[in-house]
Protein chains: 4
Amino acid sequence: MRTRILDAALKLFEDKGFDGTAVPEIARRAGIATGSIYRHFPSKDALVNALYREWKLRYSETVLTPPPESATPREVFGHYWRGMAAFAQRHPIAARFLDLHHHRAYLDKESKTAERKTHDLAAQFVAQGVAAGVVRPIDPMLLVALMTGAMRGLIQFAGDGELVLDQATTAAAEDCIWNAIKA
Amino acid sequence: MRTRILDAALKLFEDKGFDGTAVPEIARRAGIATGSIYRHFPSKDALVNALYREWKLRYSETVLTPPPESATPREVFGHYWRGMAAFAQRHPIAARFLDLHHHRAYLDKESKTAERKTHDLAAQFVAQGVAAGVVRPIDPMLLVALMTGAMRGLIQFAGDGELVLDQATTAAAEDCIWNAIKA
Amino acid sequence: MRTRILDAALKLFEDKGFDGTAVPEIARRAGIATGSIYRHFPSKDALVNALYREWKLRYSETVLTPPPESATPREVFGHYWRGMAAFAQRHPIAARFLDLHHHRAYLDKESKTAERKTHDLAAQFVAQGVAAGVVRPIDPMLLVALMTGAMRGLIQFAGDGELVLDQATTAAAEDCIWNAIKA
Amino acid sequence: MRTRILDAALKLFEDKGFDGTAVPEIARRAGIATGSIYRHFPSKDALVNALYREWKLRYSETVLTPPPESATPREVFGHYWRGMAAFAQRHPIAARFLDLHHHRAYLDKESKTAERKTHDLAAQFVAQGVAAGVVRPIDPMLLVALMTGAMRGLIQFAGDGELVLDQATTAAAEDCIWNAIKA
DNA sequence: CATGAATGAGTATTCATTCAT
DNA sequence: CATGAATGAATACTCATTCAT
């Protein structure tokens, strides 16, 4: 039941935005009564936040797995890149939802903190790559912006049907972006 | 007057979204009466669409200027990249607004067409680069996705204050992304 | 069980009014499940009515006991007055509940009839006192209004903590009000 | 407009209680649209509080006029008593509204303070009467409870149609209650 | 019989839009 | 043209009542 609500909300929030989605609409799509939503979530705000955190967690579990100890920076990059692509491929709507909503006023502090963690991890990877001399020695945040932005571009184009996120495309993109950041 | 309305709407739509912004709020920020909005725009929907098109036009004028005839593909790329960066630097809120809203249901066909044009132009540039043997011979759409995505990453990080979009940063990013797409 | 429900409802209705009290709230205070209320009462309306009648009955049993045959009108008056005061002292919440709710739309005919009986009895006592020449020869309803009103004033002030309804206070009030109605 | 809303609310709150009255119902009775209520009052709570204070003020203006300097305690009593009766006669619904609602949870502090003032004034009058040796030397609050209670009894019976609050009735009641409290 | 999740009609409140001034 | 009060449909949320367990 809770899952059905979250699934309905995910689709609708991604499609029409938070404020553009009416609670009864979520209920209808979930196949339940309007009032039942409030048995599971105290408010619409609480619902988006729960949704956001749920998917951010799943995202972390998919993407932020530690790479093999022996991996070279290039391999570490590939590891994370393929993780992100795999997530976007398996959960395209969730990927777009996380992308579009990560800043909105209705997200509370805890939800926003989750976003930060990802950035910090990426910045850390870049810093290590720079130290190892295999990544361009420039502001790590810039490289993070370019990498995550490129991935978001992929997700968006895939969502719009202008691109298919298959193995080959993902691999080609990985190679391109590695070229962008390598020393 | 029309300009003040559009300015107020731009800031609010970017900040709180279309559905999250009330018309009287726009009026208040514009320093006029609620009803006056409707002297200039027949509806809230018409207002966003006008706003979107207005900025898309300015964007085109800034970014889509033809590069010098004699420019090499690398120079053409730099020409467009710097154009986009300059726009984002001068109009950060508008850049984010265009980025976030380009898909929303309240945008009508004409507004959405504007977006497509940019993509097509980019794809065309990529195709020419490929033909000239200086750009990677892969799906042009993929490269467009990576380029525009990377630029959006820049814009977003700049908006969040994690990055400053100055000359140096822009130039470094340009170099990175050229490496990503060059043959 | 039924008693626990009625006790919970009494307190809440007195405190927050009928419409201001939610059924689940009554259940919580009674320590049972919401649905269980409906095993004992077909509806919220039926519950107030049962509550009202229950207490009106207890009130009648406490207050409307026949005075000794040989009692003088003064003694009869004292008998009833002390009965009312005793009830208010022992059941302050019920006294206030009966006082505040005796007219509400959700009370059905039978409940309202109970109220009437008390008035009629009082009016009858007054009439007899008038006939005996010891009570002021004016509209009995006026005297009833003053007497019952005075008693309600006592109950209210006691409930608000501005007065303590002890033996002495009750006796003093009795003497005052007898002076008010005596010939 | 504001007045029409307050008038409609007065009648409905008195009749069905605060929680028993729906905002659209108030609007309908006032002959305006539901939303218009909120142009004049920020919330339903604010509306009752405004209503309560408005009438408490009028009540004070009618009832709490200073008696003639030279008035004896008996005359002072009559002055106030007739003031209250006149108010109840002219504004029977308001009188009942003030009576029934003076304690409810939705009234804020300022509204409740108004009630206290009346009591204090009455207690002060009683104390002076006691000092002059013409009022019973007992707890002034008790006498206040009896007086105001008796008046409320009158108002209630009048409202229920069991009594008519004319000159004669008011005068008779005044005499009765003076007998109740005089030394 | 007790339970409490589910229901959906009903509530307070907001907001895009209109229109008399 | 500008105004902002008035409108009423739409929204988030509540609550009396039901019913499968």
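User: What does the rule find as residue pairs in polar contact across the interface of chain C and chain D?
Analyst: The rule finds four such pairs, with both residues at pLDDT 80 or more. This is a predicted model. A polar contact needs a pair of N or O atoms within 3.5 Å.

User: Which helices of chain C supply at least two residues each of the side that touches chain D?
Analyst: They are helix H1 (2-16), helix H6 (92-101), helix H7 (109-131), helix H8 (140-159) and helix H9 (167-181). H8(C) has the largest share of that side, with 14 residues.

User: What makes up the side of chain C that touches chain D, by class?
Analyst: There are 18 nonpolar, eleven polar and 13 charged residues.

User: Why is the pair Asp175(C) and Arg136(D) called a salt bridge?
Analyst: The closest N and O atoms of Asp175(C) and Arg136(D) are 2.5 Å apart. The cut-off is 4 Å, between a side-chain nitrogen of Lys or Arg and a carboxyl oxygen of Asp or Glu. The pair lies within that limit, so Asp175(C) and Arg136(D) form a salt bridge. Across this interface the rule finds two salt bridges.

User: How is the size of an interface often given?
Analyst: It is often given as the accessible area lost when the parts come together. For chain C and chain D, the buried area is about 3300 Å². Carbon and sulfur atoms give 58% of that area. Arg104(C), Leu146(C) and Phe157(C) supply 17% of what chain C buries against chain D, more than any other three residues.

User: Why is the relation of chain A to chain B that of a two-fold axis?
Analyst: Look at the superposition. A turn of 180 degrees and a shift of 0.1 Å along the axis lay chain A on chain B, with an RMSD of 0.1 Å. Therefore the relation is that of a two-fold axis. The same surface serves both copies, since 100% of the contact residues of chain A recur in chain B.

User: How many residues of chain A are in contact with chain B, and how many of chain B with chain A?
Analyst: The contact has 42 residues of chain A and 42 residues of chain B. Contact means heavy atoms within 4.5 Å. Arg104(A), Leu146(A) and Phe157(A) supply 16% of the area that chain A buries against chain B.

User: How do you know that Arg136(B) and Asp175(A) meet in a salt bridge?
Analyst: Their N to O distance is 2.5 Å. That falls within the 4 Å limit, so the pair qualifies. The count between chain A and chain B is two salt bridges.

Notes
Residues numbered from 1 in each chain as written. Chains lettered and ligands numbered in written order. Predicted model: local features only at pLDDT ≥ 70, side-chain atom pairs only at ≥ 80, totals over all residues. Heavy atoms only, no water. Buried area = accessible area lost by both parts, 1.4 Å probe. Polar contact = N/O pair within 3.5 Å; in protein donor to acceptor, adjacent residues only side chain to side chain. Helix = DSSP H or I, 4+ residues; strand = E, 2+ residues; numbered from the N terminus. Nonpolar A, V, L, I, M, F, W, Y, C, P; charged D, E, K, R; others polar. Least-squares fit on C-alpha atoms with pLDDT ≥ 70 in both.
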